[in-house]
Amino acid sequence: MSRPVLLVVAVLLAACSRGASVGSPGGAPAAALLPAEVTPSNIALGDSLFNNGGCVRCHGPAGIGATNAPALNDAQWLQLKTGAYDEIVGIITSGVPATAIKDPTHKNPMGARGGRMNLTDPQIKAVAAYVYSLSHK
Ligand code: HEC
């Protein structure tokens, strides 16, 4: 084989192997990499903050939902778009003011940083890891 032919073969091989690594379009959601903060220890800390703290009061045990606030253990969201980890961190940090509540059966606004819990940034990351784990089983 002459040099130009070898080059063409090499380029074709490269193109094929790249094509093979692309996920199926329109298929099942790609096996998303777990966000770095979703670790077993953060989930455990978040579990205890959520279920012994204020969140459980409105969202029910393990986020099954209650009269005051929606379930967090499914993939349906009222406020979040996709349920991505960063979105969860964002809403726990900002809370949900009364004017932003989507479902009028939810009477009480959600306080920023867990309201009286006044969560620190690391605690928010942990609670968010726990909430993320509820909807990404
Ligand atoms: C006083 C009640 C109350 C408490 C306490 C509370 N929330 Fe909420 N939460 C709400 C309400 C109300 C909404 C918005 C529901 C709506 O729009 O109808 C909400 C929304 C959310 C959402 C978005 C849900 C969605 O469907 O998009 C997440 C995530 C969430 N809360 C997590 C938490 C976490 C974690 C805690 C504890 C740190 C917490 N909440 C404490 C009332 C509460």
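Colleague: Which element gives the most to the shell around the ligand?

Modeller: That's α3, with four residues. Bear in mind that this is a predicted model.

Colleague: And what makes His59 and Met110 donors to the iron atom?

Modeller: The cut-off is 2.8 Å from the metal. His59 (NE2) and Met110 (SD) sit at 2.0 to 2.1 Å from the iron atom of the ligand, so both count as donors. They come from distant parts of the chain: histidine 59 is in helix α3 and methionine 110 in the loop between α4 and α5, 51 residues apart.

Colleague: Why is the site of the iron atom called octahedral?

Modeller: Six donors earn that word if opposite ones are over 155 degrees apart and all others between 65 and 115. Here there are six donor atoms, with angles of 88 to 180 degrees among them, and the site comes out as octahedral.

Colleague: How do you know that histidine 106 makes a polar contact with the ligand?

Modeller: An N or O atom in its side chain is 2.7 Å from a ligand oxygen; the limit is 3.5 Å, so the pair qualifies. Backbone atoms do it too: a polar one of leucine 80 is 2.9 Å from an oxygen of the ligand, and an N or O of lysine 102 lies 2.8 Å from a ligand oxygen.

Colleague: What kinds of residues make up the shell?

Modeller: It divides into 18 nonpolar, seven polar and three charged. As for the space the ligand takes, that's the largest pocket.

How values were computed:
Residues numbered from 1 in each chain as written. Predicted model: local features only at pLDDT ≥ 70, side-chain atom pairs only at ≥ 80, totals over all residues. Heavy atoms only, no water. Polar contact = N/O pair within 3.5 Å; in protein donor to acceptor, adjacent residues only side chain to side chain. 1 Å grid on protein atoms, 1.4 Å probe; cavity = no way out; pocket = protein on both sides within 12 Å on 5 of 7 lines; lining within 4 Å. Sits in = over half its atoms within 2 Å of the grid points. Helix = DSSP H or I, 4+ residues; strand = E, 2+ residues; numbered from the N terminus. Nonpolar A, V, L, I, M, F, W, Y, C, P; charged D, E, K, R; others polar. Donors = N, O, S within 2.8 Å, 3.2 Å for Na, K, Ca; no water. Tetrahedral: all angles 85-135°; square planar, octahedral: opposite > 155°, others 65-115°.
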